[in-house]
Structure formats: C-alpha cells, structure tokens
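Grab a pencil and work through a few short exercises on the model below. Each one comes with a solution, taken step by step.

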Amino acid sequence: GDEDAVQDAVVCCWKKIGRFVPARGSAFNFFTTVCLNELRHCHRASVRRECVLDRYRQHLSERAEREE
C-alpha cells in the first residue's frame with residue numbers, strides 16, 4: 001500500500017545518492033524528483049497488476065459460464 005510505496009521511495013533515494021550533484025540543484029529537489037519518480041513507478045505497476053488480475057478474473061468467469 002501507501003506505506004510500502006513510501007518505503008520504496010526512501011530506499012530508492014538511498015541507492016541513488018551517488019548520483020546527486022550539488023552543482024545541478026538542491027538536495028531537496030533531487031530527493032523530491034527521485035521520490036516522485038519511484039512513486040509513479042509503483043502506481044503504474046499496481047495499475048498494471050490490477051488490470052492483469054481483472055482480465056484473469058474475466059477469463060475465469062467466461063470459462064465457468066462455458067462449462068455450465
């Protein structure tokens with residue numbers, strides 16, 4: 001859920017700390033950008049996962065109807 005996404009974003013920031021270049025911008029902006037990108041990634045992944053589950057449920061429902 002939301003807590004997992006926040007934790008993933010923090011871990012992502014930690015892993016990417018070596019990419020931070022102070023001359024290119026503030027630490028706040030760097031971490032904000034990294035967090036937003038990671039949260040977007042988590043959201044897209046959950047939407048895709050839900051879409052796959054919906055298609056699978058639909059398939060099972062149609063299969064059950066054919067077998068009746």
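This is a predicted model, and it holds 3 salt bridges.

**Exercise 1.** Work out which residues are linked in a network of salt bridges.

*Solution.*
- Step 1: start with Glu50, whose side chain meets that of Arg57 in a salt bridge, 3.5 Å from N to O.
- Step 2: look at what else Arg57 does. Its side chain also meets that of Asp54, at 3.0 Å from N to O.
- Step 3: put the pairs together, and Glu50, Asp54 and Arg57 form the network.
- Step 4: place the second pair. Arg57 and Asp54 both sit in helix H2, 3 residues apart, or about one turn of the helix.

**Exercise 2.** Decide whether Asp54 is buried, partly exposed or exposed.

*Solution.* Buried means under 20% relative accessible area and exposed means over 50%. Asp54 comes out at 43%, so it counts as partly exposed. Try Arg57 too: its 45% makes it partly exposed.

**Exercise 3.** Find the salt bridge partner of Glu67 and say how exposed each of the two is.

*Solution.*
- Step 1: the partner is Arg63, with the closest N and O atoms 3.5 Å apart.
- Step 2: both lie in helix H2, 4 residues apart, again about one turn.
- Step 3: Glu67 has a relative accessible area of 61%, so it is exposed, while Arg63, at 42%, is partly exposed.

**Exercise 4.** Name the residues that make a nonpolar surface patch with Leu39.

*Solution.* Leu39 belongs to helix H2 and is partly exposed at 33%. Val6 and Val10 join Leu39 in a patch of about 240 Å².

Key:
Residues numbered from 1 in each chain as written. Predicted model: local features only at pLDDT ≥ 70, side-chain atom pairs only at ≥ 80, totals over all residues. Heavy atoms only, no water. Patch = residues over 30% accessible without salt bridge, like charges linked within 9 Å, V, L, I, M, F, W, Y side chains within 5 Å. Areas by Shrake-Rupley, 256 points an atom, 1.4 Å probe, with all protein chains shown as cover. Salt bridge = Lys/Arg side-chain N within 4 Å of Asp/Glu carboxyl O. Helix = DSSP H or I, 4+ residues; strand = E, 2+ residues; numbered from the N terminus. Buried < 20%, exposed > 50% of the residue type's maximum accessible area, 1.4 Å probe, protein only.
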